[in-house]
Amino acid sequence: AAQPAAQPAAQPAAQPVTAVQDARAPEPTSNASVAAQMGLWSESDGSTVETAGAPSQHVSEKPVERISEGTPEEQARKWIESVTGESLEGDFQSALKSGNTLCKLLNCIKPGTVKKINRAGMPFMEMENVAAYIEGCKALGVRQNELFLTIDLYERKDMRQVVLNIHALGRVAQTIPSFQGPILGVKETGPNRRNFTKEQLEAGRNVPTKITLGSYGGATQSGHRDTSRNIVKGPF
């Protein structure tokens, strides 16, 4: 008997070809490349370029030291040492008596405030230094009632006034742009001028005051009387 012809093996169905996405992670972008895309960085020379609408880059400055711990005398002593860079030897009066350190303090705050500083040793020359310091405080803007007399320091007559003067100088020093030293005391206040237009002044004159509010029906005596202790009599 004739054998049946062998059937060819069935071929598997062709699978549809699909696009394979590249799953590779994107290459990291450097900070310089990001900045170059924003228009802030030039990769050719590494210079910073500011363009319209782009934020400018600023380096944060070191915070200024604020001296606020200890007694007023301890604060004044630490502030003088921080500004001048010199350590005060002995008690507060003895360290400042010659006026030499005080004059250096003024020149550290604003160079050239005291033109001549005498050497310590001769009493009359030391008192000249103290007088020159007082005049320098006046020139910088320390108020008259915050100054002291030469004998207040030299003869220890009123050291509290001397400490008050140092704190006043620390306040005034904050208003001098060239001084970037430590902070002592509160900042000196300045004028706050307001400029109003004619229309604003006219509108302000038409605003009713608290005295005239009653005629507009806005202010009454009701609610301003204490009725918590009123005796209410009822039927018995």
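This text goes through a predicted model of a protein chain, from its overall layout to a few side chains.

The protein chain is built from eight helices and four strands. Followed along the sequence, these elements come in the order α-β-β-β-α-α-α-α-α-α-β-α. Three strands thus come after the opening helix, and a further strand sits between the last two helices in that pattern.

Next comes the question of inside and outside. Of the 236 residues in the protein chain, 25% are buried. The surface that the chain exposes is about 18300 Å², and 53% of this area is supplied by carbon and sulfur atoms. Among contacts with a separation of 6 or more, 44% join residues that are 24 or more positions apart.

Where do buried nonpolar side chains come together? The largest nonpolar core has 35 residues, and W79, I109, Y133 and L169 are those with the most contacts inside it. Two or more residues each come from helix 2 (72–84), helix 3 (92–96), helix 4 (100–109), helix 5 (123–140) and helix 7 (159–173). Helix 7 gives the most, with eight residues.

L169 can serve as a viewpoint on this core. With its neighbours within four places in sequence left aside, L169 is in contact with W79, I109 and Y133, and also with L105, L106, C137, L140 and V142.

Two details concern aromatic rings. A search of the whole structure finds one aromatic pair. A ring can also have a charged side chain over its face: K97 lies over the face of Y154, at 4.8 Å from the ring centre.

Conventions: Residues numbered from 1 in each chain as written. Predicted model: local features only at pLDDT ≥ 70, side-chain atom pairs only at ≥ 80, totals over all residues. Heavy atoms only, no water. Core = buried A, V, L, I, M, F, W, Y, C linked by side-chain atoms within 4.5 Å. Buried < 20%, exposed > 50% of the residue type's maximum accessible area, 1.4 Å probe, protein only. Contact = heavy atoms within 4.5 Å. Phe/Tyr/Trp six-rings, centres within 6.5 Å; stacked < 30°, edge-to-face > 60°. Lys NZ or Arg CZ within 6 Å of the ring centre and 35° of its normal. Areas by Shrake-Rupley, 256 points an atom, 1.4 Å probe, with all protein chains shown as cover.
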